[in-house]
Amino acid sequence: MLFFKRQWPIIVAFSAGIVMWARYYIPTEQSRTIQDVFTNWDRIIAGFAAALAVLSMLHHHYTKVRRKRPGFAFSYITLGSFAVMALAGFLPWHLPGFTGVQRESEGLHMWMFNWMFVPMQATMFSVLAFFIASAAFRAFRARTAEATALLVTACLMMIGRVPVGEWIAQKATHFTVMGNSYSALDFPALASWLLNVPNAAVFRGILLGLILSYVAIAIRIIFGIERTYMGGGD
Amino acid sequence: MTPGEVIGTWIAVGLTLMMFSFIYRDNALFRIGEHLYLGISVGYFVNIQYWQVIAPDVYRAIRVDHNYLPLIPAILGIFILLRLVPSLAWLSRMSFALIIGGAAGLTIPNNIHGLFLPQLFETLRPFDAGLAGNLNQIIILIAVFSVIIFFFFSLEHKRLVGSASKIGLFFLMIGFGASFGYTVMARVSLLIGRIQFLYYDWFQGIIWPWFQVAILHRAI
Amino acid sequence: MRLVQAILNLDRRVIYTIVALSVAWPLIQPLKLPVVPTPEVKGIFDTIDALPAGSHILIGADFDPASKPELLPFLEAVLAHCFVKDLKPHLLTLWPSGPGLMQTAIEKEAKKFGKQSGVDYCFLGFRYGTLAVVLGMASSIPATFVTDFYGKPTSSMPIYQEVTKISQMKYLLDVAAGATVELWLAYGAQPEKVPMGASCTAVSATQYYPYLQAKQLTGLAGGMKGSAEYEKLLLDKYGQQYNIPPGDAIRGMDAQSMVHLFIVLSIIIANICFFIQTRYERKQRRASA
Amino acid sequence: MRTKWWLVGLSLVFALGLAPPGPQTALALAPYPSEVTVFDIPNDDGTNLGVTWHWFGALEPETKITIEVEVAGDILDQFKLTPSEQQRLDAARSELAQALAPLIPERDAAQQDADAANDALQLGKANKAPDTPELLRDYMRKQSKLDSLNARIEYFRLVFASRTRARGMTKDLDQKSRFFEFLQASLAQSSWLPSNVHDVDPATLDKIKDHPEIFGQKPEHEDWSFAALDKMLATNPAVIAGTYSDKPDQYASTTPRTLDVELQKNHVYNVRMVIQQPEARPIIAELGGAEARVNYFSVRLLNNFVFAVLFAIVILAAVMIARRNPNLFIRRIQGLEAVDEAIGRATEMGKPVLYLCGLDTIASLSTLAAINVLGRVARRVADYDSDLVVPCRDPVVLTVAQEVVREGYVDRGRPDAYREDKIFFVTDDQFAYTAATCGIMMREKPAANFFMGGYYAESLLLAETGAASGAIQIAGTDSLPQLPFFITTCDYTLIGEELFAASAYLSREPMLLGSLKGQDVGKALIMLLILVQSLLFVAEIILKKMGYDVPLDFLKMMVHAL
């Protein structure tokens, strides 16, 4: 039994890893099929795992309500809206006020999606605009040379990416070198240089090391050295 | 506008303001919005998982196409659900082992082929791009080199290595600054989109016409 | 000194308020800052503009509501451009939550220019399978999308008596919030030898520059700014003739500039205050020592 | 790739004007493929042939070429249905025909109705007739009837499609039998079938330099033409018989005029080219033949393979060494020194510790690293006796995180302090997750926030809310676009690789340390490569200035050699 609990998963991980790795170099149709089957299986397993997640969420809010933890009343909202949204997607008949079957574009499910889910998602997303401003205001202080570099590049970038930057570039004095006219304050050009040279190089440097890390972890998993995913216990 | 759209717009406006109230401070309205959003998103998630995965790939494949292969991942999926039964929880390891092992196998060649080798070749370009191009190329080489040194774990950051990694850190900050400034644009346009919704769809689309009809006409 | 302290410890809600105002004000009271089209966006506009009337264009609109403010104006402008030039757009999406947006956009533009679905344009809607969809369309569009978005069979539509696959398109355009540009490029445009252009979110624009440099893309429109530039080009050339109003992106650009300016100004002010404060503290320390 | 010397000779003969008797001027100008090679493309699944050549003679602007393949009759066997398959297909077909028999006339009538209504409507619109709204309603009604009929027909066709799909396979019996009929009819006409390259303008064909994956980065004859053949064109028997019509048949489908059939694996094909000049007789050039073989290794990926295997050996060797000698040195990682301080502070304040594992699934390597670090953090939290809250976005991550935290508590002898409901699933949606987590931060005011793993746009929302709530924040991510936001809003940030080094650093486990050392070896090699290659490039320039043209691009050369 212990074999099945401890060794067997490692054998499975090893075989799956080696097969998926090796198939990359084999150009036949069967090898493509293997990859397609794997991705399909992956999706299906994740689909079942979703049930676990939902159970966990329901359990979390159910305990909150049962134990009357602070703010438990809000959990009723979560449980209720979950029930309505989930059921609306499965109901095969019309509801009053909706012309279509619930799951389709005219039904309650898509109505809730369009008028509740989407605006809330978009709003949470757009809160970022406020936060990015306050983060810039608070954190961009020229304390050290590195911090100064950070804030100066960020400011140049911000100006260079909007029409104002172009406007300044047009209005600023121009000078001529070898027949070409250059603006003294060409923020857009500066921004694109920052992006294409230092920024690209830095991310390249991080990426090269990062990929070595990825490959190293993948090798550890395949050869059974890394077993975090199995969790603890026996 | 249909009644559904009008009601929808009002609800959307209400929810938008509720979620925005979060930036003032935590309050009951935001908590209602947050919990509503939570419930709806999980409800949507359930539907997506069922209609896009389980229904076509498992149910349809088995019942209509008589393809019994998806039974294997379905059983592995049920193993994951057995996490809830402590004595059988170990079965879920089979499923994890398959997913994670396979993903690890995919990672190795794909990352090397798609990212590692192209980036390495991109870095190592001959100096044949004119004066400006060559200068850029030299800056890129210095930046890549010093950043890699910054991430070198086997050496203490002292003396030569220390100053090289200092240069690396400096470049890192320039890179991050550029990234930060670059992203501001995208984030601000999201806010513009939301405010456009409030202004055009709600104010100009519903409130203003109603105001004109209800108030102005009567006044005249 | 107290003022400096107050500015440095400014409540973040003050910043939020100013940000909100600098977005809202230009929408109500436009500033009309100049939008200068870049060569990248011109690359798309000019290619489409040069196509003979009756040519077919494939437009992949692969985004969802989250990127609506950045990309929808571009899609609308391109559709208007197509209809102005009597080109026939084929619109589809690879994103499940996309069709609703696209439907509104294409129906609006088609109505404005009096175009008929299935004859002058076709909205294919969404189909599951990303790569499989692109590959399928390379061999046959009516076979991949058996029906269009409205459930009408495509094989009997007049528009599909003229073209049936990607290689017969004169231009391919991807309006993408994700990584679909590479997909269309690698499996659609390149093997079928159709010129391609792309519009993408501001965040992902950088990663497509290499394709632009390699001339694999004829043009690239990044984020709301790219959309605004396209609207501007359309407006300058056909605005008066066809009575096209300025789009959402152009109107949004003022707000964009305002917020950027505000953030940069606030950083500068904060740093001046920070500088004064550190000098002051140093002086105090020296005095006490 | 055998060069066809006889063709070279022939071309020379033409060139020298020693051509066989005939209209001399026309022949001297006639375009002709020269130095042709027909070969199996080495990197494919065996259904591709490649042809390279360069043009001899002038190409007129309107010239079209077609490349044809000679197909042996035995290829038909590949498409022959077995009796049982035939039976299934026939059954499905007759079922479909039966189901559609009443529908099709009805649909045709509906189509006529709808068309008539549409015509009336257009007329009404043009004349601004007063009853236009009624006409419109009439048209809508008829059109929707037509639509519903079409939808029903489509449904039966979908059922048919799923019936004719062979069990567990993607091959369609219906299509297979069509392929058979088309090929049989076409081969009866001629054994030469057009390939996928037919009626094309030679100027639009690819060049050798367009395909570095086959010919390498700097091929010898980069401007020669190249064509990849993967299909043969089979013609509809009805077209050959002259009875073809594009009306839908009893199965409500139109059969196409031609079908593209994939070249079959492991067959020898002879190839020829038909050159059609405007107002001239077609010229036929035999190109030679080759077998479309199945290849079991993609040669162009050899560099990838070599690199991956070498690196795997380095890592495994380093792990072995580390097992024998566990005292390996690792430099200080700043953010990790602060972990203890942050947890200690949380204990003092009596506030919980918040730990996020990122928004990725368990298959993402950064999530695994985050869970590794979580195990270490859980041990410290158990030591200090404070609370650990872990909201999860992925169900599988949730279960693994629960196990890891429980193990941490058990390891420190405090299994009683473990509370499973503190590690919970929130939702799969990115921003709903963010909203809920921000809510937790603002209400429970954790004293320490850990953001480890992969993040997307929500990174700033999380970190800024955390900063506003006054927590000590430690972030670690490999999501490069999000790094700037963590750096500006968190107290400490583990950048990219440091996240992966963190678990080794915290646990001091020899195997993890060894793997880290292996990565350092890899990085050292990269740096060496960059250094040496840059110097070589400089040397190349200096040598060029001195008049020696020596290519020193060793990396590229190495890749080509592979």
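No salt bridges turn up between chain B and chain A; the count there is zero. The model is a predicted one, and in it seven residue pairs make polar contact across the interface of chain B and chain A, both partners at pLDDT 80 or more. On chain B's side, the elements that put in two or more residues are α1 (3-20), α2, α3 (71-81), α4 (92-123), α5 (130-150) and α6. The biggest share comes from α4(B), with 27 residues. Sorted by class, this side of chain B has 72 nonpolar, 29 polar and nine charged residues.

As for extent, 110 residues of chain B meet 105 residues of chain A. Together the two chains bury about 10000 Å², with carbon and sulfur atoms giving 82% of that area. Within chain B, I40(B), R93(B) and I108(B) lose the most area to chain A, yet they add up to just 7% of what that side buries.

Then there is the contact with chain C. Here 21 residues come from chain B and 29 from chain C. The buried area is about 2200 Å², 70% of it on carbon and sulfur atoms. Three residues, Y182(B), M185(B) and I192(B), supply 26% of the area chain B buries against chain C, more than any other three. Salt bridges again number zero between chain B and chain C, while five residue pairs are in polar contact, both at pLDDT 80 or more. Two helices of chain B, α2 (28-63) and α6 (159-219), each bring at least two residues to the side touching chain C, and α6(B) gives the most, 16 residues. That side of chain B splits into 14 nonpolar, five polar and two charged residues.

How values were computed
Residues are numbered from 1 along each chain as its sequence is written. Chains are lettered from A and ligands numbered from 1 in the order in which they are written. This is a predicted model: local features need pLDDT of at least 70, side-chain atom pairs count only at pLDDT 80 or more; totals for chains, interfaces and linings use all residues. Side-chain values use heavy atoms; hydrogens and water are left out. Contact means heavy atoms within 4.5 Å. Buried area is the accessible area (1.4 Å probe) that two parts lose on being put together, summed over both. A salt bridge is a side-chain nitrogen of Lys or Arg within 4 Å of a carboxyl oxygen of Asp or Glu. A polar contact is a pair of N or O atoms within 3.5 Å; within protein, one must be able to donate a hydrogen and the other to accept it, and residues adjacent in sequence count only if both atoms are side-chain atoms. Helices (H or I, at least four residues) and strands (E, at least two) are DSSP runs, numbered from the N terminus. Ala, Val, Leu, Ile, Met, Phe, Trp, Tyr, Cys and Pro count as nonpolar, Asp, Glu, Lys and Arg as charged, and the others, Gly among them, as polar.
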